[in-house]
Amino acid sequence: MKKASLSDQCVVIDILHAAFVTETFPNSINFVVKQDKRRAQRIYYLMEYQCKMALHYGEIFLSDDHKSCVLFLDSEKKKTSLRTIIMDIKLAFLCTGLRHAIQVIRREKILKLRHPKVPFLHLWIMGTIPKSQDSGVGTKLLNEVLAYYGNVKPIYLETTTENNRNFYKKKGFEIFDETSILVYPLYFLLKPKME
């Protein structure tokens with residue numbers, strides 16, 4: 001594994017785009033992205049946004065073969081600023097669509113209410129290119145990242161599928177809440193910091 005830098009941005013975006021562009025079932029990505037003929041371009045922009053946010057307010061890790069990546073945000077680093085406001089406005093125009101932006105803001109409030117009340121790392125998104133999915137490359141990367149972080153802070157995430165939920169449970173994450181308030185299920189998981 002390697003920690004990604006600005007020079008790896010295109011590789012990270014391409015991995016995430018490939019991992020999510022073919023997923024058409026109700027999930028967080030498809031909820032945020034306007035579903036029209038420009039969907040693939042909108043997903044690309046969403047992944048670019050997430051990559052930029054993680055580079056500024058967290059960390060990105062790449063598998064050695066550049067087929068999988070995982071993006072983290074650090075709750076102590078991510079603060080609202082002029083930069084994040086501009087990025088969010090651009091996201092609304094290029095990805096979400098202005099009409100749908102209100103629903104996306106509502107979704108973000110639902111998520112934020114469940115964030116830990118102590119400093120935490122947010123496992124924001126993880127992706128593996130389709131031809132390498134189920135090969136173990138993503139599992140290996142996540143194992144390496146969890147070992148890298150050790151016991152620094154609790155690690156929080158949300159996911160929409162039972163398969164992902166079960167995958168993270170095997171990695172020591174615990175479900176602490178779930179909801180179907182949106183058009184898809186949301187599972188909230190935490191890997192607590194051990195005392």
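## A polar contact at Thr128

A polar contact here is a pair of N or O atoms within 3.5 Å, where, within protein, one must be able to donate a hydrogen and the other to accept it. In this predicted model, the side chains of Thr128 and Ser68 make such a contact, at 2.9 Å.

Thr128 is found in strand E4. With a relative accessibility of 10%, Thr128 counts as buried, because the cut-off for that label is under 20%. Setting aside residues up to four places away in sequence, Thr128 touches Ile15, Ala19, Lys67, Ser68, Gln133, Val137 and Gly138. Two of those names come back on the H1 side of things: Ile15 and Ala19 are among the buried residues of H1.

## Helix H3 and what surrounds it

Helix H3 takes in residues 39-57, 19 residues in total. From its first C-alpha to its last, H3 reaches 26 Å, close to the 27 Å expected at 1.5 Å a residue.

Plenty of H3 is tucked away: its buried residues are Arg39, Arg42, Ile43, Tyr45, Leu46, Met47, Tyr49, Gln50, Cys51, Met53, Ala54 and Tyr57. As for what they pack against, there are helices H1 (9-21), H2 (28-32) and H4 (82-96), plus strands E2 (58-62), E3 (68-74) and E4 (121-128). A bit of background helps when reading a list like that: an α-helix has 3.6 residues a turn, so residues three or four places apart point the same way.

## Helix H1

Now for H1. Its 13 residues should span 18 Å at 1.5 Å a residue, and the end C-alpha atoms are indeed 18 Å apart.

Buried in H1 are Gln9, Val12, Ile13, Ile15, Leu16, His17, Ala19 and Phe20. The cover over these buried residues includes H2, H3, E2, E3 and E4. E4 is also the strand where Thr128 is found.

## How H1 and H3 cross

H1 and H3 pack at an angle of about 135°, and their axes are 9 Å apart. Angles over 145 degrees would count as roughly antiparallel and 65 to 115 as roughly perpendicular, so this pair is oblique. The crossing is right-handed.

On the H1 side, the residues that meet H3 are Gln9, Val12, Ile13, Asp14, Leu16, His17, Phe20 and Val21. Their partners in H3 are Arg39, Ala40, Ile43, Tyr44, Met47, Glu48, Cys51, Lys52 and Leu55.

## Two loop residues with positive phi

Most residues other than glycine have a negative phi. Here are two that go the other way. His66 has a phi near 60° and lies in the loop between E2 and E3. At 30% relative accessibility, His66 counts as partly exposed.

Asp134 has a phi near 70°, again a positive value in a residue other than glycine. Asp134 is in the loop between E4 and helix H6 (137-149). Asp134 is exposed, with a relative accessible area of 85%.

## Lys193, after E7

Lys193 is placed in the segment after strand E7 (186-191), and with 38% relative accessibility it counts as partly exposed. Leaving out neighbours within four places in sequence, Lys193 is in contact with Asn151, Val152, Lys153 and Pro154.

As for Lys90, it is 103 residues from Lys193 in sequence, and their C-alpha atoms are 35 Å apart in space. Residue 90 falls within helix H4 (82-96).

Notes:
Residues numbered from 1 in each chain as written. Predicted model: local features only at pLDDT ≥ 70, side-chain atom pairs only at ≥ 80, totals over all residues. Heavy atoms only, no water. Helix = DSSP H or I, 4+ residues; strand = E, 2+ residues; numbered from the N terminus. Expected span 1.5 Å × (residues − 1). Buried < 20%, exposed > 50% of the residue type's maximum accessible area, 1.4 Å probe, protein only. Contact = heavy atoms within 4.5 Å. Axes fitted to C-alpha atoms, helices over the stretch in contact; angles between N-to-C directions. Parallel < 35°, antiparallel > 145°, perpendicular 65-115°, else oblique. Left-handed = near helix turned anticlockwise from the far one by under 90°.
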